[in-house]
Amino acid sequence: MRSLSARRAAIIYNPVARGLSRNKRALESTPALLAKSGIEACLVPTVSPGSAGPQAREQIQAGCDLIIAAGGDGTINEVIDGMRGSSVALAILPGGTANVLAREIKMPVNLARAAARIASLESCRIALGALRLTGSRNRSFVCMTGVGLDAEIVSRINLDLKAAAGKLAYYACGFSQVFRPISEFQVTVDGKPFLASFALVSRVRNYGGDLEIARGASLLRDDFEIVLFQGTASVQYLGYLAAVLARQIHRSPGCTVLYGRSLQFEPPAGQNVFVQVDGELAGNLPASIELLPDALTLLVPPEYLAREQAHVKLPA
């Protein structure tokens with residue numbers, strides 16, 4: 001852990017992100033705000049879906065010692081994918097629908113307030129997840145991967161409704177799946193087999209900005225918290241949701257909570273099972289996930305570090 005000492009930054013932002021389009025003035029004023037702390041910053045808009053990672057690499061090669069990802073968790077995920085293994089620090093400016101990472105590290109979700117905090121953040125090295133899919137590009141992730149039911153919801157989301165209503169679009173789509181049959185698939189965690197219809201592989205406690213499912217997860221840990229839900233009747237998930245809200249999911253019948261570093265997923269014969277990464281659809285099973293230790297330098301508020309250092313000392 002160390003204090004920020006950057007001198008040149010690139011703010012890579014998604015120009016169509018829901019939160020940024022409503023806060024253009026705050027985004028445009030960020031370079032001047034950083035200049036007061038001796039950081040020369042430029043605004044770099046993404047040019048297409050998937051471009052944020054290569055653009056982050058280009059800015060690092062051009063001499064930037066700080067990358068600031070502005071947008072939703074999908075944009076941040078792309079930037080992280082391009083920074084994996086680099087010593088350059090990453091800061092985030094939340095501008096999306098759920099802003100899971102910002103909420104996890106206790107950054108303000110107000111863009112102007114978040115920008116004002118950047119110069120006071122501290123850096124720490126964290127692990128990332130690496131998702132490998134057959135027929136799709138490999139992905140890195142800092143927050144979570146979901147397999148099964150929640151990825152099915154992401155695949156069916158109405159993008160116009162998401163742009164207009166934000167997180168409510170996910171809830172509307174989720175409740176529309178009640179009474180639909182869902183498929184169970186094979187999950188192998190560090191060599192041990194399980195069945196699940198929804199598998200959450202998480203490095204954070206916060207899920208979707210509102211819920212805590214993986215309550216023992218932490219960015220400072222060198223493992224994933226894995227929460228497996230069984231059942232082929234989607235109505236069972238109303239009970240699971242109640243258990244999550246009561247913070248009793250680890251005691252819920254049909255739910256398994258464990259920790260691991262390596263996972264393999266196999267679909268049932270003849271069926272598609274979707275995978276999402278940090279809220280964005282990634283592809284279909286089969287897939288594997290591995291932990292990548294010491295993979296990213298992330299800037300976080302000092303109070304987050306203090307809280308997490310106390311948290312990771314608790315037994316899992």
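Reader: In what sense do strand β17 and β18 pair, and over how many bridges?

Author: Strand β17 (residues 274–277) pairs with β18 in the antiparallel sense, over 4 bridges. Strands are DSSP runs of E with at least two residues, helices are runs of H or I with at least four, and both are numbered from the N terminus. Two strands pair if DSSP finds at least two bridges between them. One thing up front: this is a predicted model, where local features need pLDDT of at least 70, side-chain atom pairs count only at pLDDT 80 or more, and totals for chains, interfaces and linings use all residues. Residues are numbered from 1 along each chain as its sequence is written, and side-chain values use heavy atoms, with hydrogens and water left out.

Reader: Ok, and what's the bridge partner of Phe274 in β18?

Author: That's Asn284.

Reader: What order do the strands have in the open sheet?

Author: The 6 strands run β15-β14-β11-β8-β17-β18, with antiparallel pairing. β15 (255–260) and β18 (280–284) stand at the edges with a single partner strand each, so one side of each has no neighbour in the sheet.

Reader: Switching topic: how many aromatic pairs are there?

Author: Rings of Phe, Tyr and Trp (its six-membered ring) pair if their centres lie within 6.5 Å; planes under 30 degrees apart are stacked, over 60 edge-to-face, and the rest tilted. By this rule there are 7 aromatic pairs. Among them, Phe141 and Phe224 have ring centres 5.9 Å apart and planes at 25°, so that pair is stacked.

Reader: Where do Phe141 and Phe224 lie?

Author: Phe141 is in strand β7 (residues 139–141) and Phe224 in strand β14 (residues 224–229), so the pair ties together parts 83 residues apart in sequence.

Reader: Are Phe141 and Phe224 buried or exposed?

Author: Both are buried, meaning under 20% relative accessible area (exposed is over 50%, partly exposed in between; 1.4 Å probe, protein chains only).

Reader: And why is the Tyr237 and Tyr240 pair edge-to-face?

Author: Their ring centres are 5.0 Å apart and the planes sit at 75°, so the pair counts as edge-to-face. Tyr237 and Tyr240 are 3 residues apart in helix α11 (residues 236–245), which separates them by about one helical turn. Tyr237 is buried at 12% relative accessible area, and Tyr240 is buried at 5%.

Reader: Which residues form one aromatic cluster?

Author: Phe198, Tyr207, Phe229, Tyr237 and Tyr240.

Reader: Last one: how many helices and strands does the protein chain have?

Author: It comes to 12 helices and 19 strands. Of the chain's 316 residues, 54% count as buried.
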